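Open the model in your viewer and keep the sequence panel beside it. The stops below give a selection each time, followed by what is there.

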Amino acid sequence: ATVDSRAFSTTVTLEPGPADRISVGITPGTIRNCGGTAVVTATLYDVCNNLVKDNTPVLFAPSYGYVSVSPVLAYTHQGEVSATVTALNKTLESWPSSLEQIDVTSGSAMPGFANLVILPGSAGSITVSATPESIPINGDVNFYDITVVSRIADCSDTPVEDGTTVRLDTDLGIFRDSGTRSVMKTTVSGLVTATLTSQSVA
């Protein structure tokens with residue numbers, strides 16, 4: 001400003017406005033159930049597309065309860081904030097994968113979200129059934145057979161993914177599938193099936 005030929009000035013500090021839009025990403029986009037982790041990162045912008053000021057509060061929340069998020073409340077630094085997502089021990093409602101959504105909110109800003117694919121975890125439990133439970137000797141030549149079915153699940157009782165390798169062993173008889181007392185199988189829908197028969201020794 002100029003008054004009587006004299007100039008005056010002042011300094012005005014401009015700050016970003018409140019959060020208006022949230023951009024969210026997650027890495028990796030696919031994890032395994034029963035302990036798999038990912039990192040979700042949110043970037044917050046004001047209405048003019050400036051990064052919001054430091055220490056803007058941000059909330060993280062899963063939509064379907066397959067994961068935990070830590071921290072739930074975080075504060076921005078240079079417009080960004082991150083949290084770690086960990087898969088829980090919850091049975092996956094859809095198979096062979098389930099979808100989790102991580103919602104991110106801050107004040108009146110338009111919420112953001114990221115999708116996360118959750119696959120079954122590694123083998124945590126194995127059950128075996130045999131039908132019938134007994135057969136006569138010499139089944140290998142007389143075609144007396146036992147059907148052996150094994151179910152493999154992760155820590156949440158979700159069937160493991162297809163192609164998981166399973167070894168079946170017996171102390172009597174042989175598996176027709178291999179001609180020996182051991183056979184290697186791969187799962188389909190969490191199951192493997194083999195045919196066990198008897199020999200001349202009970």
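Start by selecting F143, which counts as exposed because its relative accessibility is 63%, above the 50% cut-off. Bear in mind throughout that this is a predicted model. F143 sits in the loop between α1 (139-142) and β13. Check its backbone: phi is positive, about 60°, although F143 is not a glycine.

Go next to Q78, another non-glycine residue with a positive phi, here about 55°. The loop between β8 and β9 (80-87) holds Q78. Is Q78 buried or exposed? With a relative accessible area of 57%, Q78 is exposed.

**Cis peptide bonds**

Select S70 and P71 and display the backbone. The peptide bond from S70 to P71 is cis, with omega near -5°. P71 belongs to the loop between β7 and β8.

Then select T27 and P28, which are also joined by a cis peptide bond; omega is about -10° there. P28 is placed in the loop between β3 (21-27) and β4.

**A nonpolar patch**

Return to the loop between β7 (67-70) and β8 (73-75), and pick V72 within it. V72 has 48% relative accessibility and so counts as partly exposed. Now add L59, L73 and Y75 to the selection and show the surface: together with V72 they make a nonpolar surface patch of about 370 Å².

**Salt bridges**

How many salt bridges does the model contain? The count comes to five. Three of them are visited here.

Select R32 and E161. Their closest N and O atoms are 2.6 Å apart, and the two residues form a salt bridge. R32 lies in strand β4 (residues 30-32), while E161 lies in the loop between β13 (145-153) and β14 (165-169), so this pair ties together parts that are 129 residues apart in sequence. R32 is partly exposed, at a relative accessible area of 36%. E161 is partly exposed too, at 29%.

Select R167 and D169 next. Their side chains meet in a salt bridge, with 2.9 Å from N to O. On the accessibility scale R167 counts as exposed, at 54%, whereas D169 is partly exposed, with a relative accessible area of 49%.

The third pair to select is K185 and D177. Here the side chains meet in a salt bridge with an N to O distance of 2.8 Å. K185 has 22% relative accessibility and counts as partly exposed; the cut-off for buried is under 20%. D177 is partly exposed as well, at 37% relative accessibility.

**The largest pocket**

For the last stop, select I135, I146, L172, G173 and S198. What do these residues have in common? Of the 14 residues that line the largest pocket, they are the closest to its centre. The volume of this pocket is about 190 Å³. Colour the lining by class if your viewer allows it: eight of the lining residues are nonpolar, four are polar and two are charged.

Methods:
Residues numbered from 1 in each chain as written. Predicted model: local features only at pLDDT ≥ 70, side-chain atom pairs only at ≥ 80, totals over all residues. Heavy atoms only, no water. Patch = residues over 30% accessible without salt bridge, like charges linked within 9 Å, V, L, I, M, F, W, Y side chains within 5 Å. Areas by Shrake-Rupley, 256 points an atom, 1.4 Å probe, with all protein chains shown as cover. Salt bridge = Lys/Arg side-chain N within 4 Å of Asp/Glu carboxyl O. Helix = DSSP H or I, 4+ residues; strand = E, 2+ residues; numbered from the N terminus. Buried < 20%, exposed > 50% of the residue type's maximum accessible area, 1.4 Å probe, protein only. 1 Å grid on protein atoms, 1.4 Å probe; cavity = no way out; pocket = protein on both sides within 12 Å on 5 of 7 lines; lining within 4 Å. Points joined across faces, edges and corners; volume = space filled by probe spheres on them. Nonpolar A, V, L, I, M, F, W, Y, C, P; charged D, E, K, R; others polar.
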